[in-house]
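Open the model in your viewer and keep the selection tool at hand. The tour moves stop by stop.

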Amino acid sequence: MTKKQKKNLKRIILSAAILGILLALMEIPAIRDRLPFPENAIANRIVMTLLFLIPYLIVGYDIVTGAFKKIGKGQIFDEEFLMMIATAGAFAIGEYSEATAVMLFYQVGELFQSIAVGKSRKSISDLMDICPESAIVLRPSESDPDKIEEIEVDPSEVEIGETVLVKPGEKIPIDGEIIEGTTSLNTAALTGESLPVDRTVGDRCFSGSINLTSAIKIRTMAAYEDSTVSKILELVENSTDKKAHVEGFITRFSRVYTPIVVLSAVLITLFCALFTNLGLAKSLYRGLVILFVSCPCALVVSVPLSFFGGIGAASRQGILVKGSNYLEALAHVDTLVLDKTGTLTEGRFAVDAVHPNEIDESVLIDIAALAESRSNHPVAESIVKAHGGHIDSSRLGEVEEIAGKGIRAIIDGQTYFVGNGALMEEIRADHHDCHLPGTIVHVARCNAQNSGVCNSVTDVISDAAANDSYDAAAPTAALTGAANVIEYLGHIVINDVLKSGSKDALTGMRSSGVRKVVMLTGDNEKVAEKVAKETGVDSYYAGLLPAQKVEKLEALLKAQGASGKVAFAGDGINDAPVLTRADIGIAMGALGSDAAIEAADIVLMNDDLRKIPVAIRLARKTLRIVKENITVSLAVKIGIMVLGALGLAGMKLAVFGDVGVLILAILNALRVNRVKS
Amino acid sequence: MKKSFKLEELDCANCAAKMEAAIAKIPGVKKVNINFMAQKMILEAEDDAFEEVLALAQKKVKEVEPDCVILI
């Protein structure tokens, strides 16, 4: 609680105590009958008023002064003024305790609102705690430029390219690449993942992570303001700028609603005063009751509070939502479109199957791995990884890369050809494609006695051509006789690895209400079909060029119409146009991909598709709470207004209608923070 | 010119909405957005009139909530 809040709380308690004492005293007959000037009613009233003014002013002096200040500035129909008039009216008609109680109750509500808003704000500023206050930068000392010093500076003073030392237990202050040390990091603040991740030299790490085990040196890659933590904070802070439709509706509604209510109050007062025998005071009282309970505060506060809570809860899960409107749209998502590579799959390759012709599987892998060991093509890397063991490069002789086709390598003195179908066709190897989908790497050996034949692909072909046994009409037919030099050894099937959570994510999405899941990919039909089957998407479109992906999305948007929203999830690198076009753009690979953060509406900090159902559920809950608040607030208020018009509701009920509903709405809004994944 | 300011003692959401509406009417103001939850105001106004617009905005703010101040 702030100082001001604590002071208000003390005032409330003191005032309530005094009020309690006064009420108790009034109950005692001895005191009640012994009031000074018993016959003089007016003096009696003055005394009572003065007595009850004590607790009233203790708890409400700022309301009274505030009301006067505002009248001076022309703001008349404000809460303070209404309170003052209403309670003054109550004093005037002899309802001393009611006046004081009403003021008391009102202040309790205001205090509560202040605390609730403060709490919500604090949850965001707790996010600020992931902001490191200082950084240890390694710079040459001013006195001796050859000596490197550890200087503690403000993180914003560290330049790009400088080296920063992060000791165990400290927060990483700026995005950078590790140049020395191996450690594990807690990235919970960024991704919501509590499992530590291992990082070593060459790995990128991000500001806001906590270094756990050993000290590391980082070469900074961004300025402090552009580092991940600052970006996240800015996103969350600015998120409530993009108002949800519901918020806009409430604002428009209030503008229409308030004049209507004021008018009704005036009309009721006039009606009662003129056409009934209630008298002016009581008629005015009724009008005031209506005016007071009508205040739209509960609506205007609870709606942004709920969305703010929703966005905060999401960011704690590693889901960054860039605007309340996106959270609202997510609650209505009907169709989810997914990119394949990098989204459903990891975007890197691994060996799926090894199909040797006659030799052993391990031998095939051995040869292929040796041949590919000098290439850094992802396919080559996956084969080397599948080999797993030590690559004995002493066995490897000359290696020739044949662009677009593969590799010719001399292993253990023999010439091997490792590559795609086109390469096999060229060297007339009797290869066959695999029934399995994926990238196929074929392996063939040149068995020519004359090693000169195998020096190049062209040599092989010309040698075969020189021998009549080569049939030009049937280029893939096996070469016969002495010229049968190329022996097909088998092939290896390589595929993009499915992300471990993809299948679960799909199930999760359906259970959270997504009706249709569509996959878009630029990859070929066969591979797409395989991934589609494995993950369980409803439909897929393969072989798409980037422009065609946008077209497909447009078609889906059109088909969806107004019945729901279409979300697109991609890894951002080349998906920017699709991300922007979708109702909700969700980006993966956010860590490090600026383009994704820019284009997307929602960013999944840890690339985990399983967070999408979490986000959807959170969005639905937030919206549900918002609707609950609106319905209950309006229902209670209108009910009390009607009762007030009929004279069945007094100021106490009016204050409950305003303050009580406000408290309920705020409590309900805070429920958003309690979402489990 | 577009600048972001922190608002102190902004306690009432209704007031934030009223302030925003009032400041939007100040001549020279292109856009104003008051974020109640973050206690922040983003003001976009013509460069040469910015100082006066800001002073007027402060006045409007005080009219709605006397305790509220724009931190410059």
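A helix here is a DSSP run of H or I at least four residues long, and helices are numbered from the N terminus. The model is predicted.

**Stop 1: A:His387**

Select helix 14 of chain A, residues 378–387; A:His387 is found there. Is A:His387 buried or exposed, or something in between? Count the other C-beta atoms within 10 Å: there are 19. A residue is buried at 20 or more and exposed at 12 or fewer, so A:His387 is partly exposed.

Now show what surrounds this residue. Leave out its neighbours within four places in sequence. A:His387 is then in contact with A:Ile365, A:Asp366 and A:Ala369. Add A:Ser362 to the selection. A:Ser362 and A:His387 are 25 residues apart in sequence, and their C-alpha atoms are 8.0 Å apart in space.

**Stop 2: all of chain A**

Zoom out to chain A. Its secondary structure comes to 23 helices and 22 strands. Of its 677 residues, 43% are buried. Take the contacts between residues at least 6 apart in sequence: 67% of them join residues at least 24 apart.

**Stop 3: a sheet in chain A**

Select strands 5, 6 and 8 of chain A. These 3 strands form an open sheet in the order 6-5-8, with antiparallel pairing. Which strands are at the edges? They are strand 6 (197–199) and strand 8 (210–211), each of which pairs on one side only.

Look next at strand 5, residues 183–186. Strand 5 runs antiparallel to strand 6, and 3 bridges join the two. To see a bridge pair, pick A:Thr183: its partner in strand 6 is A:Arg199.

**Stop 4: helix 22 of chain A**

Select residues 611–645, which make up helix 22 of chain A. How far should its 35 residues span? At 1.5 Å a residue, the expected figure is 51 Å. The end C-alpha atoms are 51 Å apart, which agrees. Then click on A:Gly647, which follows the helix and has a positive phi, near 85°.

**Stop 5: where chain A meets chain B**

Select helix 10 of chain A (residues 297–316) and helix 1 of chain B (residues 13–24). They pack at an angle of about 90°, with their axes 8 Å apart. The two helices are therefore roughly perpendicular to each other.

Show the side chains at the contact. Helix 10 of chain A supplies A:Cys297, A:Val300, A:Val301 and A:Pro304. Helix 1 of chain B supplies B:Ala13, B:Asn14 and B:Ala17. Colour them by class: 6 are nonpolar, 1 is polar and none is charged.

Technical notes
Residues numbered from 1 in each chain as written. Chains lettered and ligands numbered in written order. Predicted model: local features only at pLDDT ≥ 70, side-chain atom pairs only at ≥ 80, totals over all residues. Contact = placed C-beta atoms within 7 Å. Axes fitted to C-alpha atoms, helices over the stretch in contact; angles between N-to-C directions. Parallel < 35°, antiparallel > 145°, perpendicular 65-115°, else oblique. Nonpolar A, V, L, I, M, F, W, Y, C, P; charged D, E, K, R; others polar. Pairing = 2+ DSSP bridges. Expected span 1.5 Å × (residues − 1).
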